[in-house]
2 protein chains.
Amino acid sequence: MTDHSSTFNEFSSAVHLSLQEELKHAVANSRQSHSSGLGEMISYQMGWSGEGAGPEASGKQIRPKMVLLSCAAAGGQWQDALPAAAAVELIHNFSLIHDDIEDHSKYRRGRPTIWKIWGIPQAINTGDAMFALANAALLRLEKSIPPETVLEAGKLFHQTCLRLTQGQHLDILFESIQNVSVEDYWEMVSGKTAALLAFSMEVGALCAKANKKLQKNLSDFGLNLGLAFQAQDDFLGIWGIKENLGKSTSGDLVSKKKTLPVLFGLNQSQQFKRIWDQESLSSSDIEDLKQILEKAGGYDYTKKEVEKLTQRALHSLEMISPSPSLSSLLDLADLLLSRTR
Amino acid sequence: MTDHSSTFNEFSSAVHLSLQEELKHAVANSRQSHSSGLGEMISYQMGWSGEGAGPEASGKQIRPKMVLLSCAAAGGQWQDALPAAAAVELIHNFSLIHDDIEDHSKYRRGRPTIWKIWGIPQAINTGDAMFALANAALLRLEKSIPPETVLEAGKLFHQTCLRLTQGQHLDILFESIQNVSVEDYWEMVSGKTAALLAFSMEVGALCAKANKKLQKNLSDFGLNLGLAFQAQDDFLGIWGIKENLGKSTSGDLVSKKKTLPVLFGLNQSQQFKRIWDQESLSSSDIEDLKQILEKAGGYDYTKKEVEKLTQRALHSLEMISPSPSLSSLLDLADLLLSRTR
C-alpha cells in the first residue's frame, strides 16, 4: 500500500525545471525584435514577467503534469512527452486569454487580465499567437517519437482544440437561452473542461508507445476527472464554504449561472423555476432557492454525480500496474476533488 | 510566347469543385448536433449560408489556388495539395474574423461581419474553431505525402500563423504610436500579408516534392507578390480612382492610415508632418497633404517600390520551366497588381 498523499507534489518538483525550460523554448520564437510587445504579453500571461509575476501567476500547471505522469504511468520516459506538456499548457493559456475577453473577466490568478491591460484587439491577437506556439510546441515531439505518432498526436490535439471551442460556444450560448438540458450541460463540460484533460492523458500514453487499450483507459481517467471536477466546482458554487467567513457562498445562484444543480432545480421544481425566472434575486430569494433545491434533492444529486464520475475515473486506472506515477495520478485526483473554496 | 491573360480563370474553374469539396470536408466535423450554431457561423463566414451567400461572399480564394498552382508549376499533381489549400483558406478566414473584431469592421465581402451578427464572444470563439479546423485540414496531407513531409508542412504552417499574429500585433500597435519606421512597416506587411502567400507557394512546392531551391523560388514569389500587393494597395489608397466618381479617393489620408507613402511623407517633409499631426484634417488639408507628398517624391517612390517588388517576384519564377500553371501564376500576379479601386 502506497501513501500517495504527497507523491504529486514530489513529482511536480522533480519535473518543474524541465517543464519550464520546454515552455521557455516553445515561447522563444515569438520574441522577435520587431514584435517584442507580443512576446511581453505572452510572458505576462505565463506568469513570467510584469507586476505580480511568480509561481502564483503561472498557475498550477496541472495539465502538463498530467501529460508527463500519464507517460510515466504507461511505462514511458516522461522526458519524451515534454513537448506535448508544453503544448497543453500553452493551449490552456490561449483559452484563458480568450475566455477572459468573452466573459469580461478582469482578473486571473490575482492579476489583471491581458485585455484589461492591453485592450481587446491585442488580447485576441496574443491568444492567437499562443495557439500557434502551442501547435509548434507539439511538433517538437519528433525528437522522441516516430513521425507517424507525432501526426497522430497532432490529429488528437486539433480535434481537442475544436472540442474546446464547441464547449465554449455552448457556454456562451447558455447565458442567453432559457432551456438548457442536463444533456447539453454535459456536452458543454465535456468540451470546455474535460476534453483537454482527456487529451493530456492520452498524448502522454501515446508518447509512452502504450497500446490502444491503455491509451483509452488513461484518456477516460482524464475525461471523467474533468467531468467530476466541474460537477464538484458547481457543487461548491452553491454549497461551498468561504474560508474567511465560515459560511456558504451560494455564489453561482447570485450570478445566475446555469450550473448542474441549477439545471436539476429548473427541471424538478416549478417553485424553483418561478423564483429563478424573476428579473432580480434578493438575498432571501437566494436562501429560498437553496432550500427548495435541497428539498428537491439537488444537493444529493450533485454530490452523487461527483462521486459516480470520480469512481469512473478511478476505475479506469485499475488495470494499470502500481508505480510512483500511478500514485501521483491518484494523488492528483484527490487534490482536485477534495478542495473547498 | 503564351498569352496568360485568362489562364488563371481557366485554372480556377478547373479546380473549383475539388477545392469546395475539400473545404466542406474540412469543416464537416465542426457541425456536431450540440454545437450546430458554431457550424452555422463557420458556414456563414465561408459564404455558404445566410443572407447573401454565394461566390461573392466566399471571396476569390486566391491563396488556396496559389497552393494548387505552385504544386502544379513545381511538377506535382495539384490534387495532392488540396488539404494544404483548404488549410490556408480556413486560416485566412480565421484571421478575417479576428481582424474584423480588432478593427471594428462591420462589413466583409458585402455582408455584416460575424461579430456584428452574433456578438464579439461568439465571433472570437468561431475564429478559434476555424484555426483548429485549419490545423486539422493540413494533416489530411498524409493521404498523399510521406509523414516526414507532412510534419515539415505543419512546422511551416505554425510558423506562418505566428508570423500572421506578429504582423497583426504591429498593425494594431501602429495605430497608437507616433514614430513608425519604413523598416517596421515592411516587417508588419511581411507578417500580416506576405507570410501566408509565401507559405501557400512553399507548401504547394513541398507537396510536389520539389527540391529546396525550387521551393525557395516559389516561396519568394509569394512573399514579394504579397509585399508588392500591399504597396500597390497603399498607392491606390491615395491615388486610386473611384470608378463611379472618376476622381481620386485619398481614402487612406482621410482615415489617417500609416501606409507606405504616408511614412515616406512623414520622414521626408516637415510640412507634411505638421499638417498630418493636426487633431483633425479638413478636405483642403487632405488636398495639401497629397500635393506635398507628390512634390516630395512620395508618388514616384511608392510606384517604384511596387515595380521593384513585382520584378523581384517575377524574377523568382525565371528558373521554372514553362507550363500552363506557370502562365497562370503570371496571370495571377497581373490580376493582383493591375487592379484599380
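Helices (H or I, at least four residues) and strands (E, at least two) are taken here as DSSP runs, numbered from the N terminus. The model is predicted, so local features need pLDDT of at least 70 and side-chain atom pairs count only at pLDDT 80 or more, while totals for chains, interfaces and linings use all residues. Residues are numbered from 1 along each chain as its sequence is written, and side-chain values use heavy atoms, with hydrogens and water left out.

**Exercise 1. Describe the overall build of chain A.**

Step 1. Chain A comprises 16 helices and four strands.

Step 2. The radius of gyration of chain A, taken over C-alpha atoms, is 21 Å, close to the 20 Å from the globule rule (2.2 Å times the number of residues to the power 0.38), so chain A, with its 341 residues, is as compact as a globular protein of that length.

Step 3. The C-alpha trace of chain A spans about 60 × 55 × 35 Å along its principal axes, and 58% of the 341 residues are buried (under 20% relative accessible area, 1.4 Å probe, protein chains only).

Step 4. Of the contacts (heavy atoms within 4.5 Å) between residues at least 6 apart in sequence, 70% join residues at least 24 apart.

**Exercise 2. Locate K209(A) and describe its backbone and exposure.**

Step 1. K209(A) lies in the loop between α9 and α10 of chain A.

Step 2. Most residues other than glycine have a negative phi. K209(A), however, has a positive phi near 55° without being a glycine.

Step 3. With a relative accessible area of 54%, K209(A) is exposed (over 50%).

**Exercise 3. Work out how α9(A) and α10(A) pack against each other.**

Step 1. The axes of α9 (residues 182–207) and α10 (residues 212–239) of chain A, which are lines fitted to C-alpha atoms over the stretch in contact, come within 7 Å and cross at roughly 145°, on a scale from 0 to 180 degrees between N-to-C directions.

Step 2. The crossing of α9(A) with α10(A) is right-handed, that is, the near helix is turned clockwise from the far one by less than a right angle.

Step 3. Among the residues of α9(A) in the contact are W186(A), L197(A) and M201(A), and those of α10(A) include F221(A), F229(A) and D234(A).

Step 4. The residues of this contact divide into 15 nonpolar (Ala, Val, Leu, Ile, Met, Phe, Trp, Tyr, Cys and Pro), two charged (Asp, Glu, Lys and Arg) and seven polar (the others, Gly among them).

Definitions and conventions. Chains are lettered from A and ligands numbered from 1 in the order in which they are written.
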